Amino acid sequence: MPAALLAMALLTAARPGPRIEVQGHRGARALRPENTLPAFEYALSVGADMLELDVVVTKDDQVVVMHDPYLNPVLCTGPDGAPVPEGLAVRSLTLEALQRYDCGALKNPRFPRQVPVPGTRVPTLEAVLDLVKASPHPAAKKVGFNIELKLEPAHPELFPTPERFAELVVGLLGRRGVLNRVVIQSFDYRALVAVKALAPKARLAMLISDTFPNPVAIAKDLGAAIISPHHEWITKEAVRALHAEGVRVVPWTANDEAAWARLVDLGVDGIITDDPAALIAYLQGRKLRSTQ
Ligand code: G3P
Ligand code: CA
């Protein structure tokens, strides 16, 4: 083979594909209590590109980082170490009352490698922004925030209206000057429409669960930059069709090498995982991510 052709072939072989974004789900749920400052700190320490987190709202309209609208008795304990009663709604508590609970002392039985961090409180969204701002980890300089607005249309008593929720979250992100580092995600279409009305340039991710409707139509209708499907439901055809429209595909929540291999093969743009360190190592092992 002529030298010039050989050089070109080597260059092509060595060139990595587009970087696959690594998102730490609820920070890094496999290793630290979910949606807590220790989880986000861990995700930054291992070099995650994006922190995935969920938000709900307290009685006094504080945006807090938590997956469920209720305090989860499997994850949290009461102020005196007592079990949390079933059905204690975050929306019924002020921030001050909510932060009397410890959501770091119990180990989530689904994640055997999770390290409990007793004394950990439910953080505000603002506290997560503060953590990142003050973090010495190199990843913190450009890490993004994938913020999920949790809403259940059948239970309006547990949440603000979508419009008020959007106002609270967009207002905070705008004041903090981080809207350009953020993706707003939701399973609730109304929430994304409300965010778009307030922040037309905000990047939106429509979450899709078990069923798989026409994702291209959804993305176009909403003007969503990203479609985030359940990782088992996404297909190569859907990825191709979304990419043809310039829409990124970021599935959730894939936690093992078989699932990562499938998603890499499908050509997804990012992967949401409970174990960002393991996913980064996997991508590095396949020369799909630099080791620096
Ligand atoms: O980012 C999407 C994913 O987090 C949705 O599932 O239930 O873990 O919030 P869930
Ligand atoms: Ca989520």
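Which side chain meets Asp188 in a salt bridge? In this predicted model, the partner is Arg190, and the close-up views below begin with that pair.

**View 1. Asp188 and Arg190 meet through their side chains.** The N to O distance in this salt bridge is 2.6 Å. Take a look at how the two partners sit: Asp188 is buried, with a relative accessible area of 6%, while Arg190 is partly exposed at 38%. The pair belongs to a structure that holds 19 salt bridges.

**View 2. The calcium ion (ligand 2) is held by three acidic residues, Glu52, Asp54 and Glu148.** Glu52 and Glu148 each coordinate through OE and Asp54 through OD, at 2.2 to 2.3 Å. Along the sequence, the spacing of these donors reads E-x1-D-x93-E. Asp54 sits in strand β2 (residues 50-57) and Glu148 in strand β4 (residues 144-149), so that distant parts of the chain, 94 residues apart, are linked here. Asp54 counts as buried because its relative accessibility is 1%, under the 20% limit. Glu148 is buried as well, with a relative accessible area of 4%.

**View 3. Ligand 1 sits among residues that include His25, His67, Gln185, Phe187 and Trp252.** Glu52, Asp54 and Glu148, introduced above as calcium donors, also appear around ligand 1. By class, the shell divides into 4 nonpolar, 3 polar and 5 charged residues. Three side chains are worth picking out for their polar atoms. An oxygen atom of ligand 1 is 2.8 Å from an N or O atom in the side chain of Arg26. For Glu148, the distance from a polar side-chain atom to a ligand oxygen is 2.9 Å, and for Asp54 the corresponding value is 3.3 Å. On its own, ligand 1 has 290 Å² of accessible area, and the protein covers 91% of that.

**View 4. A network of salt bridges links Arg26, Arg29, Glu34, Asp54, Glu148, Lys150 and Asp274.** Some members will be familiar from the previous view: Arg26, Asp54, Glu148 and Lys150 are among the residues around ligand 1.

**View 5. Arg113 and Asp275 form a salt bridge, with their closest N and O atoms 2.6 Å apart.** Arg113 lies in the loop between α3 (95-98) and α4 (125-134), and Asp275 in the loop between β9 (270-273) and α10 (276-285), so the pair ties together parts 162 residues apart in sequence. Asp275 is buried, at 7% relative accessible area.

**View 6. Lys220 and Glu245 meet in a salt bridge at 3.7 Å, N to O.** Lys220 belongs to helix α7 (residues 215-222), whereas Glu245 lies in the loop between α8 (236-244) and β8 (248-249), 25 residues apart. Lys220 counts as exposed at 55% relative accessibility, and Glu245 is partly exposed at 41%.

Conventions:
Residues are numbered from 1 along each chain as its sequence is written. Chains are lettered from A and ligands numbered from 1 in the order in which they are written. This is a predicted model: local features need pLDDT of at least 70, side-chain atom pairs count only at pLDDT 80 or more; totals for chains, interfaces and linings use all residues. Side-chain values use heavy atoms; hydrogens and water are left out. Donors are N, O and S atoms within 2.8 Å of the metal (3.2 Å for Na, K and Ca); water is not among the atoms, so sites may look incomplete. Helices (H or I, at least four residues) and strands (E, at least two) are DSSP runs, numbered from the N terminus. Buried means under 20% relative accessible area, exposed over 50%, partly exposed in between (1.4 Å probe, protein chains only). A residue is near a molecule or strand if one of its heavy atoms lies within 4 Å of it. A polar contact is a pair of N or O atoms within 3.5 Å; within protein, one must be able to donate a hydrogen and the other to accept it, and residues adjacent in sequence count only if both atoms are side-chain atoms. Accessible areas come from the Shrake-Rupley method with a 1.4 Å probe; for residues, only the protein chains shown count as cover. Ala, Val, Leu, Ile, Met, Phe, Trp, Tyr, Cys and Pro count as nonpolar, Asp, Glu, Lys and Arg as charged, and the others, Gly among them, as polar. A salt bridge is a side-chain nitrogen of Lys or Arg within 4 Å of a carboxyl oxygen of Asp or Glu.
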